[in-house]
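Me: I should like to learn how to read the features of a protein model. May we take them one at a time?

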Amino acid sequence: MSNEIQKANNELMVKFDIDGNEIKLTPSIVQEYIVGTDAKITNQEFKLFTELCKVRKLNPFLREAYLIKYKAGVPAQLVVGKDAILKRAVLNSNYDGMESGIIVQKPDGTVEEQLVGGWARVFRKDWSHPTYSSVSFNEVAQKTGQGQLNSNWNNKGATMVEKVAKVRALRETFVEDLAGMYEAEEMQQEIQQEPIEIQTETAIEEQTEGAKEVSMNEL
């Protein structure tokens with residue numbers, strides 16, 4: 001069950017359960033622990049993020065969901081971790097496996113191979129044909145402001161482009177579980193992968209009463 005309440009300092013708090021653990025989110029908590037930049041999120045962005053987390057049962061403190069905002073005036077991006085997407089697909093009773101790989105182009109007369117894309121094929125038990133997705137490397141590769149590939153795409157391009165193909169194929173196959181869930185590489189975003197350190201219930205109560213510290217229940 002989920003609900004929303006107003007605390008004494010008039011800040012909205014959204015509460016919902018994930019696997020028996022109560023998650024509490026306020027705009028201040030999301031701003032400090034999820035966004036992590038000085039660019040302030042709007043109430044609408046907060047609501048969209050918390051609704052995604054509630055409906056899809058995503059725990060942002062385990063890095064299953066992210067809200068990315070670099071500067072004011074630019075809409076925040078809601079993205080989901082690849083492992084969270086794969087987990088929900090696997091838990092679907094109709095999931096029947098996945099194949100994936102990369103697409104290379106081999107010039108005549110040479111042994112060099114140029115990475116040009118990735119592909120994935122996902123199977124459902126109740127479908128007669130699998131879902132196939134292919135993506136172009138140039139379409140999805142992330143670049144720096146100077147136009148160069150960022151470190152992940154420069155050093156692990158094959159892994160990254162295959163990941164995008166997997167996520168797209170999974171979402172198309174299990175739209176009932178994964179609709180609206182987009183992974184960071186699809187959204188041209190870099191994200192921090194480490195889980196957020198979660199503090200205590202007492203600190204949350206202090207924050208909602210106007211104190212400086214903000215934290216979450218230990219899970």
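Me: How much area does the protein expose, and what share of it do carbon and sulfur atoms supply?

Reply: Please note that this is a predicted model. The protein exposes about 12,000 Å², of which 47% is supplied by carbon and sulfur atoms. Of its 219 residues, 45% count as buried.

Me: Which secondary structure elements are there in the protein?

Reply: The protein has eight helices and eight strands. As for contacts between residues at least 6 apart in sequence, 55% of them join residues at least 24 apart.

Me: How are two packed helices described?

Reply: The description uses the angle between their axes and the distance between the axes. Here, helix α3 (residues 82-91) packs with helix α6 (residues 157-173) at an angle of about 40°, and their axes are 10 Å apart. Angles of 35 to 65 degrees fall in the oblique class, and α3 and α6 are therefore oblique to each other. The crossing in which α3 passes α6 is left-handed.

Me: Which residues of α3 and α6 meet?

Reply: From α3 come K82, I85, L86 and A89; they meet K163, V167 and L170 of α6. By class, this contact of α3 with α6 has five nonpolar residues, two charged and no polar ones.

Me: Does I29 count as buried or exposed, and why?

Reply: A residue is buried when its relative accessible area is under 20%. I29 counts as buried because its relative accessibility is 0%. This residue, I29, lies in helix α1 (residues 27-35). Between the C-alpha atoms of I29 and M13, which are 16 residues apart along the chain, the separation is 9.4 Å.

Terms used: Residues numbered from 1 in each chain as written. Predicted model: local features only at pLDDT ≥ 70, side-chain atom pairs only at ≥ 80, totals over all residues. Heavy atoms only, no water. Helix = DSSP H or I, 4+ residues; strand = E, 2+ residues; numbered from the N terminus. Buried < 20%, exposed > 50% of the residue type's maximum accessible area, 1.4 Å probe, protein only. Contact = heavy atoms within 4.5 Å. Areas by Shrake-Rupley, 256 points an atom, 1.4 Å probe, with all protein chains shown as cover. Axes fitted to C-alpha atoms, helices over the stretch in contact; angles between N-to-C directions. Parallel < 35°, antiparallel > 145°, perpendicular 65-115°, else oblique. Left-handed = near helix turned anticlockwise from the far one by under 90°. Nonpolar A, V, L, I, M, F, W, Y, C, P; charged D, E, K, R; others polar.
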